[in-house]
Amino acid sequence: MPSDAIVIGGGVGGLVAARRLALEGLTVTVLEQSGSLGGQVARQRVAGVDLDAAAESFATRGGAVAALLAELGLAEDIVTPRQTPAWLHRADGSAVPLPATGLLGIPGDPLAPDVVRAIGREAAERASLDAVLPAEEGADAASLGALVRARMGAAVVDGLVAPIVRGVHSSTPDDLPVERAHPRLREELRERGSLAAAVRALHAAAPAGSQVAGIRGGMFRLVDALAADCARLGVTIELGARVEDVRPDGVVVAGRHRSGLVVRASGAPDAAAPRTVTLVTLVVDAPALDAAPRGTGVLVSAEAPGVTARALTHLTAKWDWIAEALPGRHALRLSYDGTPHDVVETATRDAGILLGTLLGSLADATVHTWTRGIAAGLDDILAVGETVAGTGLASVVPHADRVARDVSASSRIGRGPS
Ligand SMILES: Cc1cc2nc3c(=O)[nH]c(=O)nc-3n(C[C@H](O)[C@H](O)[C@H](O)COP(=O)(O)OP(=O)(O)OC[C@H]3O[C@@H](n4cnc5c(N)ncnc54)[C@H](O)[C@@H]3O)c2cc1C
């Protein structure tokens, strides 16, 4: 039987779209080139425990991911990270806790003691001028870097925003469009008259005070649950099915044309200018880490001497469920642009520097390299997923659901009443 809809790619974007299309009554096939579903939400086994190999959390903004998890029966398993601050490893090699009320490093209170400690009194005073600048100043800036520089000065961009954008988005503030940083930041700035006030408002709006959440047992449980729901709804899933060519009315797989309404959810591998990100997970026996010396982790300034990692997450200090799964041990995750030479040795050395202590013995280590990028040439094909919606599940999930709803509504109109 021919499919009504063909979804290319079985990452979260593709699975959310496929599920919605099936809920709307379409016959759906998902074509996934690899041997497993989930794409950048993936499972790995480290020291005998299943952990996430890429995405480990989701932004709570908008509420779409939590709503989907609830629909899939996972509401009870949503967990928030421990509320200890992450740290900043600065360009001069020193470390300070990240200011508490920030959004992507933009301070909600520029003169707060933790901001002064991080960037110095003079820079904090320059940042506080944001409160008296006209609301329009910087409000049209294309990038986050330009916006924050115009309102709060270069020291906030270089000292606070850049390490966070590097760690979270693998990008620089000047390459990150304002809407991708936060879809409501510009609007809140115009409404409230200052960037700090906008940040405070967005902070206050975050559910239960936490800007991110995870799933007990791992984010990959979202993929398992989506796959199970797709199966229940009769979605056909073909693994090892690489789409070789895409046309608006169908796709080519293994040299054969298959017709149907095409939804492209193939993520970064087909993107223009792809970049790689390498994630190293270390499990160590290191009692010195019991006190979580750098809270939930460290974001690293690009200029920091002697460190190649751009971020470190102390997984067992961040998530209770991981600490419970690895009693007496510590799990650390380091991320890199590209793949460094002698990657596990580099990660072990970086972790020691960033955590300010000697690591104990290494129990296990894994390395995963991911390709990411911005898609090009998709104008004539319906697309979902991070290449069009923006990085992260809080962007990918609601976008894929909305696109699939819209396309099924228009396909119903095209068919006339049934
Ligand atoms: C290291 C890392 C950490 C991350 N951490 C977080 C986090 O903590 N929180 C968060 O919200 N987000 C995080 N993200 C981002 C988030 O995981 C992604 O934005 C999201 O999972 C993208 O989903 P997607 O469906 O758009 O793409 P993908 O997950 O890339 O899925 C695309 C799928 O399409 C398949 N495919 C590609 N080409 C073809 C083809 N020709 N034929 C058939 N199939 C094809 C691929 O094999 C893949 O399965 C992280 C990403 C990485 C790499």
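In the predicted model, the ligand is surrounded by 33 residues, of which Glu32, Gln40, Ser57, Glu386 and Leu393 come nearest. By class, this shell is made up of twelve nonpolar, 14 polar and seven charged residues. Domain 1 (5–41 + 62–79 + 217–268 + 375–415) and domain 3 (273–373) both contribute residues to the shell, so the ligand lies between these two domains.

Oxygen atoms of the ligand are paired with polar atoms of the protein, in the side chain as well as in the backbone: an N or O atom in the side chain of glutamate 386 lies 2.6 Å from a ligand oxygen, while a backbone N or O atom of glutamine 40 is found 2.8 Å from an oxygen atom of the ligand, and a polar backbone atom of valine 12 is 3.4 Å from a ligand oxygen. Of the 1,000 Å² of accessible area that the ligand has on its own, the protein covers 92%. The elements giving two or more residues to the shell are helix H1 (12–23), strand E2 (28–32) and strand E19 (361–374).

Backbone geometry was also examined. Most residues other than glycine have a negative phi. Leucine 104, however, which is not a glycine, has a positive phi of about 50°; leucine 104 is located in the loop between strand E8 (95–97) and helix H3 (113–119) and, because its relative accessibility is 16%, under the 20% limit, it counts as buried. Alanine 254 likewise has a positive phi, near 50°, and is placed in the loop between strand E12 (250–253) and strand E13 (256–259), but with a relative accessible area of 66%, over the 50% limit, alanine 254 is exposed.

How values were computed
Residues are numbered from 1 along each chain as its sequence is written. This is a predicted model: local features need pLDDT of at least 70, side-chain atom pairs count only at pLDDT 80 or more; totals for chains, interfaces and linings use all residues. Side-chain values use heavy atoms; hydrogens and water are left out. A residue is near a molecule or strand if one of its heavy atoms lies within 4 Å of it. A polar contact is a pair of N or O atoms within 3.5 Å; within protein, one must be able to donate a hydrogen and the other to accept it, and residues adjacent in sequence count only if both atoms are side-chain atoms. Accessible areas come from the Shrake-Rupley method with a 1.4 Å probe; for residues, only the protein chains shown count as cover. Helices (H or I, at least four residues) and strands (E, at least two) are DSSP runs, numbered from the N terminus. Ala, Val, Leu, Ile, Met, Phe, Trp, Tyr, Cys and Pro count as nonpolar, Asp, Glu, Lys and Arg as charged, and the others, Gly among them, as polar. Domain bounds come from an automatic or database domain assignment. Buried means under 20% relative accessible area, exposed over 50%, partly exposed in between (1.4 Å probe, protein chains only).
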